[in-house]
Amino acid sequence: MSIFSTGNKSQDSGIAEMEELPVPQHIKISNITCDSFKICWDMDARARERITHYFIDLNKKENKNSNKFKHKDVPTKLVAKAVPLPMTVRGHWFLSPRTEYTVAVQTAAKQSDGDYAVSEWSEIIEFCTADYSTVHLTQLLEKAEAIAGRMLRFSVFYRNQHKEYFDHVREAQGNQMLPSVKDNSGSHGSPISGKLHGIFFSCNTEFNTGKPAQDSPYGRYRFEARAEELFNPKTNLYFGDFYCMYTAYHYVILVIAPEGSAGDDFCKQRLPALDLANNRFLTCTQGEDGRLAFHHAQDVILEIIYTEPVDLALGHVAEISGHQLMSLSTVNAKKDPSCKTCNISVGR
């Protein structure tokens, strides 16, 4: 006999005539994080003493564009003891951040023969889990620090695009490269994906030359600016993400935001701040002569997001001599969920 029988139909139970158990009403979801939530509901107080357990059915919301030939997620039912509400649900499932779920509840009474009498299912409620918190991002930060490697000196930030992009900047944007919303590359729980506006830059150099690589996946034209134009004591630096794309090398996303800017305010609330002069990824230090020196981590590929408009007059645009390697693009790149180096346990 199934344990999911309704209260007044359990003929084989040790209870001859059991009143129907109350159906949970007005379900409320609160305190949502990337890997937990609280749930509560209303029910008839007179029946509470008979209720011994709750059955909670949690499923990822069906995606209309999902591949119908792939295995569907196995519906997950939690049998929980009837604790005072609201009840925290944590650790029973591998909840993913930024993911839509459906949830429904039954009340249940365990009977003398071990069977359960249960109510009808409640209404189905939908909710979405949250982004990574700074606690989770700090865990990612520590993992990234472990593989960052030694620091190499650099002198310029650079941004590759097609010729048409720079023509448009000059002709339609008053010579200003304008911030755009970050794509969905990297960790699924990243609080900057689809929310933070910025301009993508690189700073990695080749080990043997100390200069930027001549190949790029983003276009044959490159804007270069002296590092101090974008990164200096009047800017703040934040850790944004750590990921890989089923490859041996890893990416670290950093955000540079001028103090007091809208981007700075956004990051202060969501991202771990880094010391400009003392971190494992990107540093700006001032010598006794007052000059600034810049270093980047050797063993990770840095993706720099600058949060404010940048005037082309701050640098120069030239065609690179190398190739456009499209296979290295990270646009909307999906993170490898199986990599032990760059994943944390709360989700992908």
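Before I start, the cut-off I need: buried means under 20% relative accessible area. I'm also keeping in mind that this is a predicted model.

**Phe294 and its partner**

I looked up phenylalanine 294 first. Its relative accessible area comes out at 3%, so I call it buried. Phenylalanine 231 goes down as buried too, at 0%. I then checked the rings, and these two residues make a tilted aromatic pair, with 6.1 Å between centres and 45 degrees between planes. The pair ties together distant parts of the chain, 63 residues apart: Phe231 is in the loop between α3 (227-230) and β16, while Phe294 belongs to strand β20 (residues 292-297).

**More rings**

How many aromatic pairs does the structure hold? I get 14. One of them joins phenylalanine 154 to phenylalanine 157, edge-to-face, at 5.4 Å centre to centre with the planes 75 degrees apart. Both Phe154 and Phe157 are buried. Following the ring pairs, I find Phe154, Phe157, Phe231 and Phe294 linked into a cluster. I also noted a charge over a ring: arginine 270 lies over the face of phenylalanine 266, 4.0 Å from the ring centre.

**Helix α1**

Next I went to α1, residues 134-147. Its 14 residues reach 20 Å from first C-alpha to last, close to the 20 Å expected. I list His136, Leu137, Leu140, Leu141 and Ala144 as its buried residues. Looking down the axis, I see them fall within an arc of 145 degrees, so they line one face of the helix. What covers that buried set? I find β16 (235-243), β17 (251-258), α4 (262-270) and β18 (273-274) included in the cover. On the face turned away from the buried side I have the exposed residues Val135 and Ala146. Just after the helix, glycine 149 takes a positive phi of about 80 degrees.

**Two single residues**

Serine 96: I find it in the loop between β6 (87-90) and β7 (100-110). Buried or exposed? At a relative accessible area of 15%, Ser96 is buried. Setting aside residues up to four places away in sequence, Ser96 touches Cys34, Lys60, Tyr101 and Thr129.

Isoleucine 301: this one is in strand β21 (residues 301-306). I read a relative accessible area of 31% for Ile301, so it counts as partly exposed. Beyond its neighbours within four places in sequence, Ile301 is in contact with Asn204, Tyr249, His250, Tyr251 and Val252. I also took the C-alpha to C-alpha distance from Ile301 to isoleucine 253, which is 8.5 Å, with their positions 48 residues apart in sequence.

Terms used
Residues are numbered from 1 along each chain as its sequence is written. This is a predicted model: local features need pLDDT of at least 70, side-chain atom pairs count only at pLDDT 80 or more; totals for chains, interfaces and linings use all residues. Side-chain values use heavy atoms; hydrogens and water are left out. Helices (H or I, at least four residues) and strands (E, at least two) are DSSP runs, numbered from the N terminus. Buried means under 20% relative accessible area, exposed over 50%, partly exposed in between (1.4 Å probe, protein chains only). Contact means heavy atoms within 4.5 Å. The expected span of a helix is 1.5 Å times one less than its number of residues. The arc is that of the directions from the helix axis to the C-beta atoms. Rings of Phe, Tyr and Trp (its six-membered ring) pair if their centres lie within 6.5 Å; planes under 30 degrees apart count as stacked, over 60 as edge-to-face and the rest as tilted. A charge sits over a ring if NZ of Lys or CZ of Arg is within 6 Å of the ring centre and within 35 degrees of the ring normal.
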